[in-house]
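Morning, everyone. I have one structure for you today, and I want to talk about its ligand and its empty spaces. Have a look.

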Amino acid sequence: MKNYFLTVLLVFGLYCNAQKFEGLAQTPPLGWNSWNTFATNINEELVKDIADKFVELGLKDAGYEYIVLDDGWMAKERDTEGNLVADPIKFPNGMKALANYIHSKGLKFGLYNCAGSKTCAGYPGSRGYEYQDARLYASWHIDYLKYDWCNTEKLKAEGAYITMRDALKEAKRPIVFSICEWGDNEPWKWAKDVGHLWRVTGDIINCWDCEIGHGSWSSFGVWKIINMRKDIRTFAGPGHWNDFDMMEVGNGMTDAEDRSHFAMWTMLASPLIMGNDLRNASKETIKTLVNKEVIAVNQDKLGIQGFRFSNENNLEIWIKPLANDEWAMTFVNMSDTITTINFNWNKHDIGDNLNNRFLNVKNIIYKVRDLYNHKDLGTTSRNLKAEIDSHDVLMLRLSK
Ligand code: GLA
């Protein structure tokens, strides 16, 4: 009998270990990551400034929570006991002190590492040290781990990410696990129980629709990423998100393009991780980033990823079902000139077959709200008329 109970306990224990932390990202994570602007040029002052800016600029109030240090935070070597060490020049007070600072602002702190022997920028990777590293992150009070995929010769992605998930679970601190293997091994098919978000493509770059080759890999503009991965919406939902990569809002595209990029990331239920320098961001950039009406579409509790409803004459229309039978709808002007729309609601069957949700304009009159201009635009009982600038959006919420 004793043996029986021991076996049951053991099996139960193993089963418990083999789970990610649940309930950590019921809506897509909101935050900031250092990589897109700073690459490995990061330090303690910068991170503290960013935390201060979260509060001063209203980003915290708008819901942004995680401050994530990407590649380059470590010293080039582990210590004699095999522990990772924060770069002593960049982070003279270490990571625990930085975590305390960030937590004192009511925010959360994330770090980066990699499943391979070295990170993409050549710092010590976690391969073979997963449990030791997870314990260290927990002891530093880290809340989020982005886990990359460089230098992973002969590793299998699913197994490697499961090992780190189990290591985090055993370290007992709830840590959001952000899988970053660039979509190479179709993580949307296996990562629902492994991580809370997974990158779906190679790295983003700050352009509307370009692709920049770097030899063996490419970086992709906003619309390249969207078009590459528009068909995997069925795999996203509360606690497990398709991650369309850290945003490039404020990093050189026009304000209109930034609005569209932001609108699309919210429609796609992607994590909204800012990637710009918040210390000198323009008013227009911040206005876009703190738009609570737009963010609410991303954070809707149904967690349904939106999709392209139509694409005609350089006008893309995307829709996303929301809780309480509401809908988000985004018109994007893909052309180089201003466009005029005259949209007759009764002539379109708007619905989401996958989720069995339909906009019933024949029987119900919906109110139409413009989320960027914070204006009511009447109802679906009459045509929607508007002008949209080149590469700009009209983003709407329809409610009863
Ligand atoms: C990869 C990731 C990026 C970034 C860099 C850091 O390219 O996809 O997001 O983390 O590594 O080296």
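One definition before we start: strands here are DSSP runs of E with at least two residues, numbered from the N terminus. Keep that in mind for later. Also, this is a predicted model.

Let's begin with the ligand. The space it takes is the largest pocket. Around the ligand there are 13 residues, and those that come nearest are Asp70, Asp71, Lys146, Asp148 and Asp203. What kinds of residue make up this shell? Seven are nonpolar, six are charged, and none is polar.

Now some distances. A polar side-chain atom of Asp203 sits 2.5 Å from a ligand oxygen. For Asp70, an N or O atom of the side chain is 2.6 Å from an oxygen of the ligand. For Trp182, the corresponding distance is 3.0 Å. How much of the ligand does the protein bury? On its own, the ligand exposes 310 Å², and the protein buries 94% of that.

Next, the cavities. There are two of 30 Å³ or more. The largest has a volume of about 90 Å³. Its lining includes Asn33, Tyr144, Lys146, Arg199 and Asp245. Which strands each supply at least two residues of that lining? They are β4, residues 144-148, and β6, residues 197-199. By type, the lining has five nonpolar, two polar and four charged residues.

The second largest cavity holds about 30 Å³ of space. Among the residues lining it are Lys20, Phe21, Arg165 and His196. That lining divides into five nonpolar, one polar and two charged.

Lys146 is worth finding on your screen. It is among the residues nearest the ligand, and it also lines the largest cavity.

Notes
Residues numbered from 1 in each chain as written. Predicted model: local features only at pLDDT ≥ 70, side-chain atom pairs only at ≥ 80, totals over all residues. Heavy atoms only, no water. Near = heavy atom within 4 Å. Polar contact = N/O pair within 3.5 Å; in protein donor to acceptor, adjacent residues only side chain to side chain. Areas by Shrake-Rupley, 256 points an atom, 1.4 Å probe, with all protein chains shown as cover. 1 Å grid on protein atoms, 1.4 Å probe; cavity = no way out; pocket = protein on both sides within 12 Å on 5 of 7 lines; lining within 4 Å. Sits in = over half its atoms within 2 Å of the grid points. Nonpolar A, V, L, I, M, F, W, Y, C, P; charged D, E, K, R; others polar. Points joined across faces, edges and corners; volume = space filled by probe spheres on them. Helix = DSSP H or I, 4+ residues; strand = E, 2+ residues; numbered from the N terminus.
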